[in-house]
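Here is a walk through a structure for someone meeting it for the first time. Take a look at it first, and then we'll go through it piece by piece.

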Amino acid sequence: MNLPSKLIEDAVTEISRLPGIGKKTALRLALHLLKQHEAHTEALALSLTRMRQEIKYCKTCHTISDDEECSICKSHKRDSSTICVVEDIRDVLAIENTNQYNGKYHVLGGVISPIQGIGPEELTIESLVSRISESAKNDPVKEIILALSATMEGDTTAFYLGKRLKETGVSISTIARGIPVGGELEFTDEVTLGRSIMTRINYSQE
């Protein structure tokens, strides 16, 4: 793509790094920003810079947060006895949008995938085990819901978690298979996802 300005070309290159954004779309966005009032563009740039520099990850569940602990973990209105284990932050948002779940979360940060070199040690599994153990002192965790995508990697991770958490004595369930096999959780419609949470089943490896 031949552009008359190196500045526009640099902007297009950076915008096109975003997922789902090609060069033509990036060019339209860059030209749109160029037409806007300078204050609008500066506000966008500042918000992105602040997000990147100031965003935190909850010390308890590992989701994104403005503080050391997220609003869900701090809330006394949420059921602390239930923890929903998800792969990614986007899955937390998807489940929250169903308005069918009132427990707390634990974000693994991925799934076990030997092909991609991701093992259990790359995920927040040990943090989850410690969290369950420490809760026994005051407000014990009674149930772990495995809300992982219905893929080979998701099933492998669920199997590992089932083995690893067996010693904690907590009840382990998995969301009902209203989620299509091979489907990603974040792309599942809210009604199906909500029903899957509500009709979860006991997770057994026997």
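**Starting with a helix**

Let's begin at helix α7 (residues 152–165): at 1.5 Å a residue, its 14 residues should span 20 Å, and its end C-alpha atoms are indeed 20 Å apart, which agrees. That expected span is 1.5 Å times one less than the number of residues in the helix. Helices (H or I, at least four residues) and strands (E, at least two) are DSSP runs, numbered from the N terminus.

A word on what you're looking at: this is a predicted model, where local features need pLDDT of at least 70, side-chain atom pairs count only at pLDDT 80 or more, and totals for chains, interfaces and linings use all residues. Residues are numbered from 1 along each chain as its sequence is written, and side-chain values use heavy atoms, with hydrogens and water left out.

Back to α7, then. Which of its residues are buried? They are G154, T157, A158, L161, G162, R164 and L165. These cover an arc of only 165 degrees around the axis, so they sit on the same side of α7; the arc is that of the directions from the helix axis to the C-beta atoms. Behind this is a general rule: an α-helix has 3.6 residues a turn, so residues three or four places apart point the same way. "Buried" here means under 20% relative accessible area, "exposed" over 50%, and "partly exposed" in between (1.4 Å probe, protein chains only). On the face of α7 turned away from the buried side you'll find the exposed residues M152 and K163.

What do the buried residues of α7 pack against? Their partners are β3 (79–86), α6 (125–135), β5 (143–146) and β6 (171–174), with contact meaning heavy atoms within 4.5 Å. Pick out V85 in strand β3: with a relative accessible area of 0%, V85 is buried. Leaving aside neighbours within four places in sequence, V85 touches H106, L108, L128, I144, I145, L146, A147, L148 and L161. V85 and L161 are 76 residues apart along the chain, yet their C-alpha atoms are separated by 9.8 Å. Over in strand β6 there's I172, which is buried too, at 8% relative accessible area. I172 and I144 lie 28 residues apart in sequence but 4.9 Å apart in space, C-alpha to C-alpha.

**Out to the charged pairs**

How many salt bridges does the structure hold? There are eight, each one a side-chain nitrogen of Lys or Arg within 4 Å of a carboxyl oxygen of Asp or Glu. R164, which we met among the buried residues of α7, meets E167 in one of them (3.2 Å, N to O). E167 itself is exposed, at 62% relative accessibility. E126 joins in as well, so to speak: E126, R164 and E167 are linked in a network of salt bridges.

Elsewhere, E14 pairs with R17, their closest N and O atoms being 3.2 Å apart. E14 is partly exposed at 47% relative accessibility, while R17 is exposed at 60%. K74 and D67 form another bridge, with the closest N and O atoms 3.6 Å apart; K74 is partly exposed at 42%, and D67 is partly exposed at 40%.

**A nonpolar patch**

Finally, find L44, L48, M51, I55, Y57 and I64, which form a nonpolar patch on the surface. Helix α3 (residues 38–54) gives the largest share, three residues. Y57 belongs to strand β1 (residues 56–57) and is exposed, at 52% relative accessibility.

Note on methods: Patch = residues over 30% accessible without salt bridge, like charges linked within 9 Å, V, L, I, M, F, W, Y side chains within 5 Å. Areas by Shrake-Rupley, 256 points an atom, 1.4 Å probe, with all protein chains shown as cover.
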